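Trainee: Please take me through this model one topic at a time. I will ask, and you can reason from the atoms.

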Amino acid sequence: MKFYWLRDVPTPRYSGSYNAANKWGLPGVHCPLCDAIWSYGSDTYPSVDLSQLPEKEKYSARLEKDYAEFERLREQVRPLLPAGVPLWPGTKFGPLVGTAQGEFGPLLMYYPWDLLMRREALEQLQAAGVQGLKGCGTELRFRQKNPPELLEMEMLPRGQLHPDCLPADRLAPCTQCGRRGWSLPDEPMLDAASLPQDVDLFRVGDFLTVIVGSERFVEAARRLGFEQDILFRELPLG
Ligand SMILES: [Zn+2]
C-alpha cells in the first residue's frame, strides 16, 4: 500500500477561512533538565471533553513553569485519551471554537497541521470504504446563511519516519520532557513496517504535524473529486 502526505495548497480555490482554537489544551512547559521552553501545538483531540474537570481553567494556552504541576495536569487527562497518545506540552482538546467565513471545499487544510471536512464529504469517504475516520463537531460561528457543517478530524499517532531520513548526528531526546532537537527533514521517508493497515488517516507518531492518508483514502478522495485545496504527496517507504 502507498501512503501520501496531505498538504495545504499555496493558493486555495475556495475563500473559506476560520479563526478558532480548541477549547482546552495542555500548557507549554519549561523543562528543568534541558531548559527548553516549548509546546507542540499541532496534536489535537477534539473529541476529548474536559468540561467535567474541576481544574479545567488550567488547560489553556499558557506556560506552566512548574514541571511537576505540568505532569500532574497531564496524568489527570490521560485516562480520557486513547492509549499510546504522547500528550506533549500544548496538546489540544475539545471542539474548535471561533468564527468562520467564506466558501469551503469538501476537505480543508486552512492550517497545514489540521484537517477539516464537510460532513457530507466525510460520509462519502466512509461509504467508499475508507477506514478509521473520526470527524468531530466544531463550534464555528458563521455570519452567512446555511453555513456548511465542518468537522475537525481526530487523527491518532501511528507509525514513524524511517531513521535513514533523519540527521545521523541527532542527539537523543531529553530524558525528562522528551523534546527532540531535530526538525522534519525536507524529504521524509516512512518506516514501512511501522505503518497501520487498518486506519486510512493518521498523524506520523514522531512528527505529528505530518498527516498521512493511505492509498485507499487518496484513491477514494480523488474518485469523489475531493482533491481541491489539498495536495497528496506520495512518501517513499523504507
Ligand atoms: Zn527537557
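Mentor: The turns below cover the metal site, the pockets, the sheets and one loop residue of a predicted model.

Trainee: Which atoms are the protein donors of the zinc ion?

Mentor: Each donor lies 2.3 Å from the zinc ion. Along the chain the donors follow the spacing C-x2-C-x139-C-x2-C. The donors are Cys31 (SG), Cys34 (SG), Cys174 (SG) and Cys177 (SG).

Trainee: What geometry does the site of the zinc ion have?

Mentor: Ideal angles for four tetrahedral donors are 109.5 degrees. At this zinc ion the angles among the four donor atoms are 105 to 114°. Four donors count as tetrahedral if all angles lie between 85 and 135 degrees, so the site of the zinc ion is tetrahedral.

Trainee: How many residues apart in sequence are the parts that Cys31 and Cys177 tie together?

Mentor: Cys31 lies in the loop between strand S3 (28-30) and strand S4 (37-38). Cys177 lies in the loop between strand S13 (157-158) and strand S14 (201-204). The pair therefore ties together parts whose separation in sequence is 146 residues.

Trainee: Is Cys31 buried or exposed, and is Cys177 buried or exposed?

Mentor: Buried means under 20% relative accessible area. Cys31 has a relative accessible area of 0%, and Cys177 is at 4%. Cys31 is therefore buried, and Cys177 also counts as buried.

Trainee: How many residues of the lining of the largest pocket are charged?

Mentor: The largest pocket holds about 200 Å³ of space. Its lining includes Trp38, Trp88, Arg179, Arg180 and Phe207. By class, the lining has six nonpolar residues and three polar ones, and the number of charged residues is two.

Trainee: Which element gives the most to the lining of the second largest pocket?

Mentor: About 160 Å³ of space lies in the second largest pocket, and Tyr18, Lys92, Trp113 and Glu152 are among the residues that line it. Two elements give two or more residues to this lining, strand S2 (17-25) and S7. The most, four residues, comes from S2.

Trainee: How do the residues of the lining of the second largest pocket divide?

Mentor: Ala20, Asn22 and Asp114 are among the residues that line the second largest pocket. The lining divides into six nonpolar, three polar and three charged.

Trainee: Which strands are the edge strands of the sheet of three strands?

Mentor: This open sheet has the order S4-S3-S6, with mixed pairing. S3 and S6 run parallel and are joined by two bridges, and Gly28 has Leu63 in S6 as its bridge partner. An edge strand pairs on one side only, and here these are S4 and strand S6 (63-64).

Trainee: In the open sheet of four strands, why is one side of S8 and of S10 left without a neighbour?

Mentor: The order is S8-S9-S12-S10, with antiparallel pairing. S8 pairs with strand S9 (residues 116-118) over two bridges, and in S9 the bridge partner of Leu107 is Met117. Strand S8 (107-108) and strand S10 (135-137) are left open on one side because each stands at an edge with a single partner strand.

Trainee: Is Pro79 buried or exposed?

Mentor: Pro79 is found in the loop between helix H1 (67-77) and strand S7 (92-101). Its C-alpha atom is separated by 25 Å from that of Pro173, 94 residues apart along the chain. The relative accessibility of Pro79 is 69%, and exposed means over 50%, so Pro79 counts as exposed.

Definitions and conventions. Residues are numbered from 1 along each chain as its sequence is written. This is a predicted model: local features need pLDDT of at least 70, side-chain atom pairs count only at pLDDT 80 or more; totals for chains, interfaces and linings use all residues. Side-chain values use heavy atoms; hydrogens and water are left out. Buried means under 20% relative accessible area, exposed over 50%, partly exposed in between (1.4 Å probe, protein chains only). Donors are N, O and S atoms within 2.8 Å of the metal (3.2 Å for Na, K and Ca); water is not among the atoms, so sites may look incomplete. Four donors count as tetrahedral if all angles lie between 85 and 135 degrees; four count as square planar and six as octahedral if opposite donors are over 155 degrees apart and all others between 65 and 115; anything else is irregular. On a 1 Å grid over the protein atoms alone, a cavity is a set of points where a 1.4 Å probe fits but cannot get out, and a pocket is an open set with protein on both sides within 12 Å along at least five of seven lines; lining residues have an atom within 4 Å of a point. Grid points are joined across faces, edges and corners, and a volume is the space filled by probe spheres set on the points. Ala, Val, Leu, Ile, Met, Phe, Trp, Tyr, Cys and Pro count as nonpolar, Asp, Glu, Lys and Arg as charged, and the others, Gly among them, as polar. Two strands pair if DSSP finds at least two bridges between them.
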